[in-house]
Number of protein chains: 2
Amino acid sequence: MEKAKVIFQPSGTRGEIKKGLSIIEASRELGVDIEVLCGEKKVCGKCKVRIEEGSFEKFGIHSTLKNVSPWQEEEKKFINEDQEREGYRLGCCAKIEGDLLIFVPEESRAGKQVVSKAARDIHIEWNPAVKYYYVEVAEPTFENSTADLERILDELNKKYRLSDLDIDYLAAQGLPSQLREGKWKLTVAIWMDKEIIRVLPGKVEDYYGVAIDVGTTTVAAYLCNLATMEVIDTVSMMNPQCKYGEDVMSRITYHMMHQDGLIKMSSDIIEGLNNLVAQACEATHPPKKNRKKNVIEKEGAALCLNHTDIIDMTVVGNTAMHHILLKLNPEYVGVAPFPPVIHKSMDIKARDLGIRINESAYVHVLPIEAGFVGADNVGVLIAEEPYKKDEVQLIIDIGTNGELVLGNKAKLISSSCATGPALEGAQITFGMRAAPGAIERIKIDPETHEVDYKVIGRDAWRSYSEPDEMQIKGICGSGILDLFAEVYRSGIILKSGTFNKSQKSKRFRRNPDNDHPEFVIAWKEETSIGKDVVITQKDIRQIQLAKGALHCGCKLMMRRMGIDKVDRVKIAGAFGTHVDREKALIMGLFPDCEIDKIVSIGNAAGDGARAALLNREKREEANWVSRNVEYIELTLEKDFQQQFVEAMQIPHMKDRFPHLKGIVPDNILNQ
Amino acid sequence: MEKAKVIFQPSGTRGEIKKGLSIIEASRELGVDIEVLCGEKKVCGKCKVRIEEGSFEKFGIHSTLKNVSPWQEEEKKFINEDQEREGYRLGCCAKIEGDLLIFVPEESRAGKQVVSKAARDIHIEWNPAVKYYYVEVAEPTFENSTADLERILDELNKKYRLSDLDIDYLAAQGLPSQLREGKWKLTVAIWMDKEIIRVLPGKVEDYYGVAIDVGTTTVAAYLCNLATMEVIDTVSMMNPQCKYGEDVMSRITYHMMHQDGLIKMSSDIIEGLNNLVAQACEATHPPKKNRKKNVIEKEGAALCLNHTDIIDMTVVGNTAMHHILLKLNPEYVGVAPFPPVIHKSMDIKARDLGIRINESAYVHVLPIEAGFVGADNVGVLIAEEPYKKDEVQLIIDIGTNGELVLGNKAKLISSSCATGPALEGAQITFGMRAAPGAIERIKIDPETHEVDYKVIGRDAWRSYSEPDEMQIKGICGSGILDLFAEVYRSGIILKSGTFNKSQKSKRFRRNPDNDHPEFVIAWKEETSIGKDVVITQKDIRQIQLAKGALHCGCKLMMRRMGIDKVDRVKIAGAFGTHVDREKALIMGLFPDCEIDKIVSIGNAAGDGARAALLNREKREEANWVSRNVEYIELTLEKDFQQQFVEAMQIPHMKDRFPHLKGIVPDNILNQ
């Protein structure tokens, strides 16, 4: 196994890499983050890198394009002749055959995403799966030399009517010393009135659990006091699996193409969860000097929790995230008819999963509905409880995949629609994650077509800033939706989605390389990547596909239910939080609804995980609802194709938005 | 941490040892077996070694008595002045302070014990805790894309009326591939009608489990076919914890005196069990060339089992062995009022214990009665079922500790008596384990006091052999009991246990060193240790203490039950198998009983483990009986001391054994 020296610039990260590995594989080994949205399927073109040629004495290597494997067909699509001359390659295609100095351009660097998944204030009844019980027992004598455990069990039965209790093997190991340390008074943590999982000397009142929402892109953890139901802290992170592919299908593909893919992805998320829990615990310690900046300093926070104090955990996630976390083969979830390995909820010992909380604690993984409607959707359902209401609700959870639930207490149906990652910024020429440098809000002047925008990481809009202050890198999800609505509202594109060829703005132009039409959102000077940020006809089509899938999904479900109007539209997830409701209506993201009946429900999936953490009946409710939501496979509807194509059109504005008259030019309003 | 070179002779084992460790600790590190009956409490004197002085160029070391720590008071008791001059020390006392060449005399070497724990033919109803079920399920379609697991659960419910089944997390991981490999036909292993623990493609009929009996000294494993109840193989080994001390109290002491003592002892027995299971599995493979000799070659044996095929395990053991195996602090079991940590049976995932059988299988550990009456006794009870009989049974299990059960279906009481290890050969000057070179049978001519004996590892008695062929090293448990009965029957000792001073045999003499009376069993020439093997007055007292404890225990229990005669005496364990019933009666080991009502029940504890493996109702029965046997603490009886002293006496022979008239000299018979 011959090795080569590989150096990544500008970070300077270096190491010896086995020859034959791709540049992406090498970057992973060395811990260099390169965007790979497609999971190395060679279709996203995001992993462009530049091979630097020459002898680099400082590093003792001679790097040349001869040291990488020959060109692959797929690369031509993303790398033009100029770039080819400059040494550009796709990291997923080019294999290392000798020493290399590799430059990772800024747009290829996987930035740290800005995530915000705060806990909402929802009503939950107190009834956690784990509860603490205080008992006092008599000291053993010759007359009564009953075992430590049976002594406690007798008392638990007498005082709390708890019977037939088991004890976790590891909790039993601590029993004799805890009992004697507590002078025969102790607090016992019991899971589901079934199993003793912790024994503590003396009287302990507060105890803690964590609710987890594993999203494809972001992961959130809610540290809760199980006694008071208080949310102590919310922490979140990027899903560390992002490096294996941006969306669910890329991860499944990664598993199928790499023997240890599943293990690697599972270990990464588990390690990530462990870090999240550690971070949440650490934040409860008294402030220290020199601590990491991303830990929120809380005044007077001095609970001093550590991982063994976390005595329960609940997890939601879509079916693929669920399967990968649990090392359940996700292969068949990706192939029609998409059967999952398991529907029902699981209670798994944290230690079996490798989760570092109390060693005897369980992790409760919520049930999943179907191959494309996972435990995250079940979380949304038990948080929102549409099955308890009369009004017909349409609940939309747009992540990389769109998950839809429609109905009320009479009937609930669910389905998923392949919105694709376009609404999150992927598959868009300058799309990117919600990280610093991403455009998140856009306004386009209908007259001049001048563009104003706001960038993550800066408070001011562009028009209040110097161009070179903006430092933009691309456009993130919420920016994409804004952009789409704005280019339509300002007449840059037509109802069909094609560019209006008659527009006069200098921002509308043909690309000098391929002669395709495009619209410039930000000029080179405003960016940190040294080129104009544009939106292309292909980008518009991608967004249309996404919005078409979603709209068509909603429409077909309503048809199934025999209704033409819903009482309420609830939008979950970060998308719901950031979406401009009016713009969503303009572009026809979902069927029309009174604007004040459209509500954002935040991270409802995470709320569901929290509900299941704080109330064990919610777990039963979750199992019940997951088997009682009827899953509809929309693509099997006879006229699906036609409905989909129709849904890609942008609906007439005129009749729907009379209040826009005067704001939007007549020619556009009348399209 | 300075190190010294240490070489053990005659094996030649050598290594670098941290200075400050004792010779015993060094021997353990290097894998040299030295007898340590007392668990390094410096009271057994079995670990005598000789420090060789001089420069040993071959090994590049200079060994001298100066390289060991100063003499300790305890050593004087066991090492006389001659030996001191020769360089003898106790391995547990002498600490290494420089390079050493250490000679381990033959009598100090821990020999490999001869163990025989064959499975008895007892009646057990078939109803194992784990059962295999065969199902065929439909392939997923768009119309029915239910998950793999729910597909199987539905079928198990329809076909076998099994509902509310869980699945072990690791078994779930194999589900999708096994299901597809088996083309939607599969065999499911279900534990206690509760949890799926294995999924196999296609139809599988045979499946396997192991019943384990962890004795203080020996460990036996019964590999069984759970479908046919056949015992495939019985394998046994020395308990690897013997190196930490011979008896229960020494092991508890080892735990209390070493911080990692419990972990070490637990790991050793678990590793031992893993080896036993591997050995039993290996024996089912087709014979290979060059295989180890201790694996029994079976004709046509080609099951080819491996550890993952072992799908259930049951374990019995006394309370200390139980606690140490499970890493439950055994400290309080050793201190009055001896409360255990737990009574009830436990079902522990094999993987949590580190037991290498199927990763999803459970280990069922049987319940314990009291601090000194453990799961082994519960095993005896469920194998013998005295609680289902009218006749009053006295069940005696003599190991290092005597465990007694008395009663019938009306009432059962149990107790333990501190027989000590004398009846197993420990605490006797020339006592040793049942290993090659140990005297196991003795006859003494009442007239001439000539001794005839049989040695383990040789078929012929001494009188048929040349003296130097015997190669004896000491006397094992069954030899001790024979010896005691014989020295009494032949008038060498009196009813009180003291030597008969008027005997004329040259075998009766005073020890030249300490002037104490002793009786020579074997002359120097017959041994492999180069000295006369004798029995001393102190030895006789030790045996009397043991027999007194047992007899007194039986008597006090009978008094409690208000009976003066039992219908049947059952003797369990190796002792029961080897004991000469008449000799046991002569010496008054237990209350008188018709000789044909005394039966040996072999390894009944192991039989109980097997019963619990093959019939899950036996597990419930075990939990029931363990809570319904009344444990009696004999030492609390008011006249315990007096009863004990009386029981140490050897009872009159005359009235009890009229048939001995003429065989035994009158003066002895009339004592």
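In which strand of chain A is the place of A:K454? In this predicted model, A:K454 belongs to strand β22 of chain A, which covers residues 451-455. A:K454 is buried, since its relative accessible area is 16% and the cut-off for burial is under 20%. The side chain of A:K454 has two polar partners to report. One is A:E440, whose side chain makes a polar contact of 2.7 Å with that of A:K454. The other is A:R458, whose backbone oxygen lies 3.2 Å from a polar atom of the A:K454 side chain. Neighbours within four places in sequence aside, A:K454 contacts A:A438, A:I439, A:E440 and A:R441. A:D459, A:A460 and A:W461 are also in contact with A:K454.

A second site lies in chain B. B:V315 is part of strand β15, residues 310-317 of chain B. B:V315 has a relative accessibility of 3% and therefore counts as buried. With residues up to four places away in sequence left out, B:V315 touches B:I212, B:V214 and B:L325. The run B:V363, B:H364, B:V365 and B:L366 is touched by B:V315 as well. B:I196 is 119 residues from B:V315 in sequence. In space, the C-alpha atoms of B:V315 and B:I196 are 21 Å apart.

Helix packing was examined in chain A. Two packed helices are described by the angle between their axes and the distance between the axes. Helix α10 spans residues 375-384 of chain A, and helix α16 spans residues 617-628. Their axes come within 10 Å and cross at roughly 115°. The crossing of α10(A) past α16(A) is right-handed. From α10(A), the contact draws on A:V378, A:L381 and A:I382. From α16(A), A:K618, A:E621, A:A622, A:V625 and A:S626 take part. By class, the residues of this contact are 5 nonpolar, 1 polar and 2 charged.

The relation between the chains was then considered. Two copies of a chain are related by a rotation about an axis and a shift along it. Here, a turn of 180° and a shift of 0.1 Å along the axis lay chain B on chain A, with an RMSD of 0.2 Å. The relation is therefore that of a two-fold axis. Within chain B, B:D352 has the C-alpha nearest the axis, at 4.3 Å. Both copies use the same surface: of the contact residues of chain B, 100% recur in chain A.

Conventions
Residues numbered from 1 in each chain as written. Chains lettered and ligands numbered in written order. Predicted model: local features only at pLDDT ≥ 70, side-chain atom pairs only at ≥ 80, totals over all residues. Heavy atoms only, no water. Least-squares fit on C-alpha atoms with pLDDT ≥ 70 in both. Contact = heavy atoms within 4.5 Å. Helix = DSSP H or I, 4+ residues; strand = E, 2+ residues; numbered from the N terminus. Buried < 20%, exposed > 50% of the residue type's maximum accessible area, 1.4 Å probe, protein only. Polar contact = N/O pair within 3.5 Å; in protein donor to acceptor, adjacent residues only side chain to side chain. Axes fitted to C-alpha atoms, helices over the stretch in contact; angles between N-to-C directions. Left-handed = near helix turned anticlockwise from the far one by under 90°. Nonpolar A, V, L, I, M, F, W, Y, C, P; charged D, E, K, R; others polar.
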